[in-house]
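Dear colleague,

I am passing on the structure we spoke about, with the sequence alongside. Please open it first, and then read the notes that follow below it.

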Amino acid sequence: MIIDKNISLKNSFGINASSNICLTLESEECIDELTYFLNNKSYKKLIIGEATNILLPENFEGVIIKNNILNISIISKDEVIVGGGVNWDYFVNWSLENNFYGLENLTLIPGSVGAAPIQNIGAYGVEISKFIKKVRFYDFIDKQIKEFTQNDCNFSYRKSIFQDMDILILSVCFKFVPGDLVTSYDSINDYLNTNNIKPSDLTPIKLSNIIKKIRLDRLPDYTKIPNVGSFFKNPILNKADLNLEKLDIKKLITWDLGNGMIKIGAARLIELVKDKIPKDVNVDLYKNHALVLINKNNATQDDVIQYSSFIQKEVFNTFDINLEIEPIIIDS
Ligand SMILES: Cc1cc2nc3c(=O)[nH]c(=O)nc-3n(C[C@H](O)[C@H](O)[C@H](O)COP(=O)(O)OP(=O)(O)OC[C@H]3O[C@@H](n4cnc5c(N)ncnc54)[C@H](O)[C@@H]3O)c2cc1C
């Protein structure tokens, strides 16, 4: 285990954050040392991957724990175990190059493999949960290494059981299920139509390359324009609960989920109220995608929380819809 003191915390929102101690695990064997370290100190702890979905305070008073387990092991023709420290997009590219197909729609999502099950990352009609066979983790409460099957993880839209647990994901076992390419998402269809590409001509690698192009057009590169991706979840509501006096459904982007439930595109809700949101010198909406908040000028955590609460208030007052924040806001 590597112990670093007084570190500055690199994070995708570009907040100038620091912490007293960072512990980096390079293998499962470090768990005993980690437990010993934590037993002897009364620090608060924060597990991080690549810090692309957390909003940090300027100073975190506690221990940062980082998984840097980097192995990828092929178990069979359809199963692979991946260390939690592996970069997610590196693994997606590796899987495609090694003929394990299915993750092509999840290309270019920032972050680590260990963080990916936490919010069940998803994009362009696919969620990681479909490919998870087991998640191996250290439970800080029982002080034991455990494994959960896909079923145990209680995955749903941007949710998993891990969000309510005190754990460190060590590795993830992926099972690659055969299936058709997922091309039903509107932006994929638009791309195929504009470029005269027939879905039947696609391969997983061609689809992954198309998704890269769509993402690069639509989302800011956080190394140049700091951000944490989508700042709010797309609200999922019972159709019967929609306030149709306040909502013109034709102006919205919606996905019918069946069973009377509907998912509403949060970006469109924000676009419809954006002129009423007070301007902020440090935080703004990204010009190509209103769901992405950007740090335009040394924003602090407080600046972002205040700006996002103005958005939530306007959306609620206008449509009677609550927007839930997606990234994790970390207390100091
Ligand atoms: C430009 C941009 C685009 C994005 N696009 C998408 C997208 O399309 N779809 C999507 O779902 N997300 C998207 N995100 C969000 C982000 O990529 C994912 O949430 C990703 O999984 C975060 O990985 P990370 O390693 O950076 O996690 P971090 O931000 O470091 O941590 C996120 C959470 O996971 C916990 N955590 C991290 N690692 C572990 C571990 N090993 N064990 C236990 N807990 C852990 C942390 O404590 C924290 O609560 C985007 C972000 C950005 C900046």
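Four strands make up an open sheet of mixed pairing, and their order across the sheet is S1-S2-S5-S3. Its edges are taken by strand S1 (2–9) and strand S3 (44–48), each of which pairs on one side only, and from one strand to the next the twist averages 35°. Please keep in mind throughout that this is a predicted model.

Within this sheet, S3 and strand S5 (residues 59–67) run parallel and are joined by 5 bridges; to take one position, Lys44 has Gly62 as its bridge partner in S5. Helix H1 (residues 31–39) packs on the sheet, where it touches S1, strand S2 (17–25), S3 and S5, and the direction of the helix makes about 140° with that of S2.

The edge strand S3 also brings us to the ligand, since S3, strand S8 (122–123), strand S12 (167–175) and strand S13 (227–230) each supply at least two residues of the shell around it. There are 30 residues around the ligand, and those that come nearest are Ile47, Thr52, Pro110, Ser112 and Ile169. By character, the residues of this shell divide into 17 nonpolar, 10 polar and 3 charged.

Which atoms of Glu50, Thr52 and Asn53 approach oxygen atoms of the ligand? For Glu50 it is a polar backbone atom, which is 2.8 Å from an oxygen atom of the ligand, and for Asn53 it is likewise a polar backbone atom, at 2.7 Å from a ligand oxygen atom. Thr52, by contrast, presents a polar side-chain atom, which lies 2.7 Å from an oxygen atom of the ligand. On its own the ligand has 980 Å² of accessible area, and the protein covers 93% of that.

Two further strand arrangements deserve a look. In the first, strand S6 (residues 72–76) and strand S7 (residues 79–83) run antiparallel and are joined by 4 bridges, with a hairpin of 2 residues leading from S6 to S7; here Ile74 has Val80 as its bridge partner in S7.

The other arrangement is an open sheet of 3 strands, in the order S14-S16-S15, with antiparallel pairing. Strand S14 (236–238) and strand S15 (254–258) stand at its edges with a single partner strand each, so one side of each of them is left without a neighbour in the sheet. The twist in this sheet averages 30° from one strand to the next. Between S15 and strand S16 (residues 261–264), which run antiparallel, there are 4 bridges, and the bridge partner of Asp256 in S16 is Ile262.

With best regards

Conventions. Residues are numbered from 1 along each chain as its sequence is written. This is a predicted model: local features need pLDDT of at least 70, side-chain atom pairs count only at pLDDT 80 or more; totals for chains, interfaces and linings use all residues. Side-chain values use heavy atoms; hydrogens and water are left out. Two strands pair if DSSP finds at least two bridges between them. Axes are lines fitted to C-alpha atoms, for helices over the stretch in contact, and angles run from 0 to 180 degrees between N-to-C directions. Contact means heavy atoms within 4.5 Å. A residue is near a molecule or strand if one of its heavy atoms lies within 4 Å of it. A polar contact is a pair of N or O atoms within 3.5 Å; within protein, one must be able to donate a hydrogen and the other to accept it, and residues adjacent in sequence count only if both atoms are side-chain atoms. Accessible areas come from the Shrake-Rupley method with a 1.4 Å probe; for residues, only the protein chains shown count as cover. Ala, Val, Leu, Ile, Met, Phe, Trp, Tyr, Cys and Pro count as nonpolar, Asp, Glu, Lys and Arg as charged, and the others, Gly among them, as polar.
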